[in-house]
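Student: I should like to learn how the terms used for a protein model are justified. May we work through them one by one?

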Amino acid sequence: MSGPVGGRRAQPARLLDPSARAQLTGAEARLAELFARAPTPQGLDDHGLARVHARLRGPARSTLLRAWRVGLAAGALLTGMVGVGLAARYAGLPLPFVSAVRAPAPPPRARPPRPSPPPAPPAPAVVAPPPAPPAPAVAAPPPLPPGQAPVFVPARPASVRPFARGSAPHPRPLAIVAPVRPVPADPSPQAPPLPPLAPPSLPSPSAAPPAPASLPEPERPPVALASEASLLQEALGHLRLERDGRAALEVLDRYAAFHPAGVLAPEAARARVDALFLLGQRQQARRQLETLTLEARGRDLELSVVRGELRAEAGDLSAAERDFSRVLGARAPAALAERALHGRAVCRQRRGDAAGAARDFAAYRRRFPGGRFAPRPPEIMPPEGL
Amino acid sequence: MSRTVAQPSPAARSLRVVADASGALDLDTLYRRHASQVARWAERLAGPGYDIEDVVHDVFLVAQRRQREWRGQAKASTWLYEITIRVVQRRRRTRRRWRLIPWRREQAEAGWPTSAVPVSPAATPGELYERRTTTALLYELLDGLDDKYRTALILFELEGLAGREIAELTGASLANVWVRITRARSELARRMQAREQERPR
């Protein structure tokens, strides 16, 4: 079907042309009516045009692009972590990176000397010594002799962990593990002695690193690792997805109670800072940050800036200046360097170091002429009319 | 050509006017003169459910990026029109791809609240409703067409451009433009008929 005028390559008549429209019938006539009723577009008003103009002039796009990339990388990282955590939890796979870090060259596990097995009973007798209970879910693994059942119960002391972060003894090293115990501590006299594994006294930090060669290799039960990852994942879910700081704090409290010296404790501490921020508890967040040993890389740089800002807010200017200087000394991203430079300038100014403050302000204006702390020109849209 | 309602503005000047002495493009001036026009073209070409501010933003970003390619052989308005067409086509393609992604599908179908100026605030609710339904029906039919047919038809019927201008903007020959328009109308009429049979008035 072509228009009323001409064939396929001739100019068709416009549907809105009154003379052509009079000859149209059926669907084409209704189509012409539809076209005729189509409203004229209004475009954007002056405010909309001014907004677009401001976006075109500002550096927003590059920032947006960077934020996109960072978000993408963070998402990929988080997905990977969650995947590994799930695999560890449901498929029973060991966490590869954790085992790699904690035990680089796992030697064959030296088990404590087993008490000599009872002489007579053959294999079936070991599998089911008591006749009555029909395969309980919590039954201990078969090889364990009855006297050794509580062996996995005693808390693994922090002192024998090969890569425990920091050498400071944990405030609650042994007693806090109690909630994990399926049975209350049973000081049965038949239990194997285990002298090197569980020293009765509180472990001293100096004794921690050089573990004697005769010590059996401590191994973190995969269940504990999976539980750590699961709790942390739950807390991060509350934080990132639901933005629920209170729920995240509850989970993190649970984490601290169950895993006081967990492998993921540093990550949990950082998540706690995020949760406190989310709840607006800035001073608690500062106190939490004070307890952290922040490194000059990665997310710790951002936390250093935040800690500096909170310290400055609380009046601890010299400590804040140290934080900012550490960030500026590292290869921090521009957004963090901008905050740190401005923060240090303000701290120096407040402390009466006028020369230092002037130097920092000048450096700020030079590095970030259109930065968020720089004075902006008042005009958004050029005055000429559109 | 009898209808010249929405032809490129007669005030549109050659891009040479907005180029400074060194030949560099003065994008600020270009924006001041043409942004409002670009927004209307974008609204017409994209239809409801697209954020016109974003489209205009993209058009001028592309103009900024491509300013070296411009040789001064076309009017500024023609050049911007061409960019607008491509930007809208790209957005429509993206939107179509989003329909394949489960968590994006709803957004792709519902669209974004448009940033264009609400039509005639003095209109009665009945008039507003009628406009909205008319526009929705028109673009629902148009969206079923291939992009090249859809663009040619909108430019010819709604924008009132001449065949030669459409050929210049879309990079097709004049004969091809007529073929596209004819086929687009034919397809549109067929769709309308099918729709009426499906849901009799």
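Student: What percentage of the 201 residues of chain B count as buried?

Tutor: The value is 48%. A residue is called buried under 20% relative accessible area, exposed over 50%, and partly exposed in between, with a 1.4 Å probe and protein chains only. This is a predicted model, in which local features need pLDDT of at least 70 and side-chain atom pairs count only at pLDDT 80 or more, while totals for chains, interfaces and linings use all residues. Residues are numbered from 1 along each chain as its sequence is written, chains are lettered from A and ligands numbered from 1 in the order in which they are written, and side-chain values use heavy atoms, with hydrogens and water left out.

Student: What makes up the secondary structure of chain B?

Tutor: Chain B has nine helices and zero strands. Helices (H or I, at least four residues) and strands (E, at least two) are DSSP runs, numbered from the N terminus.

Student: Why does the distance between the end C-alpha atoms of helix α6 of chain B agree with its number of residues?

Tutor: The expected span is 1.5 Å times one less than the number of residues. For the 19 residues of α6(B), residues 125-143, that gives 27 Å, and the end C-alpha atoms are 26 Å apart, which agrees.

Student: Which residues of α6(B) are buried, and why are they said to line one face?

Tutor: The buried residues are Thr134(B), Thr135(B), Leu138(B), Tyr139(B), Leu141(B) and Leu142(B). Seen down the axis of α6(B), the buried residues fall within an arc of 155°, so they line one face of the helix. The arc is taken from the directions from the helix axis to the C-beta atoms. An α-helix has 3.6 residues a turn, so residues three or four places apart point the same way. On the other side of α6(B), Pro125(B), Tyr129(B) and Arg132(B) are exposed.

Student: What do the buried residues of α6(B) pack against?

Tutor: They pack against α2 (26-37) of chain A, and also against α2 (27-46), α7 (147-158) and α9 (174-198) of chain B.

Student: Why is the ring pair of Tyr31(B) and Phe60(B) called edge-to-face?

Tutor: Rings of Phe, Tyr and Trp (its six-membered ring) pair if their centres lie within 6.5 Å; planes under 30 degrees apart count as stacked, over 60 as edge-to-face and the rest as tilted. The rings of Tyr31(B) and Phe60(B) are 4.9 Å centre to centre with 65° between the planes, so the pair meets the edge-to-face rule. Tyr31(B) lies in helix α2 and Phe60(B) in helix α3 (residues 52-65) of chain B, so the pair ties together parts that are 29 residues apart in sequence.

Student: Why do Tyr31(B) and Phe60(B) count as buried?

Tutor: Tyr31(B) has a relative accessibility of 1% and Phe60(B) one of 4%. Both values fall under the limit for buried, so the word applies to each residue.

Student: What makes the pair of Tyr364(A) and Phe368(A) tilted?

Tutor: Their centres are 5.4 Å apart and the planes meet at 50°. That angle belongs to neither the stacked nor the edge-to-face range, so the pair counts as tilted. Tyr364(A) and Phe368(A) are both buried.

Student: Why is Arg286(A) called buried, whereas Asp244(A) is called partly exposed?

Tutor: Arg286(A), in helix α10 (residues 282-290) of chain A, has a relative accessible area of 17%, so it is buried. Asp244(A), in the loop between α7 (222-241) and α8 (245-258) of chain A, has 31%, so it is partly exposed.

Student: Which residues do Arg286(A) and Asp244(A) touch?

Tutor: Contact means heavy atoms within 4.5 Å. Leaving aside neighbours within four places in sequence, Arg286(A) is in contact with Leu310(A), Arg311(A) and Ala314(A). On the same basis, Asp244(A) touches His238(A) and Leu278(A).

Student: How confident is the predictor in chain A, in terms of pLDDT?

Tutor: pLDDT is the predictor's confidence in each residue, from 0 to 100. Chain A averages 68, and 59% of the residues score at least 70. Confidence in chain A is lowest in helix α6 (residues 123-127), at a mean of 39, and highest in helix α12 (residues 317-329), at 90. Over residues 99-108 of chain A the pLDDT is below 50, and this stretch has ten contacts in the model beyond near neighbours in sequence. Where pLDDT is low, the predicted coordinates should not be read in detail.
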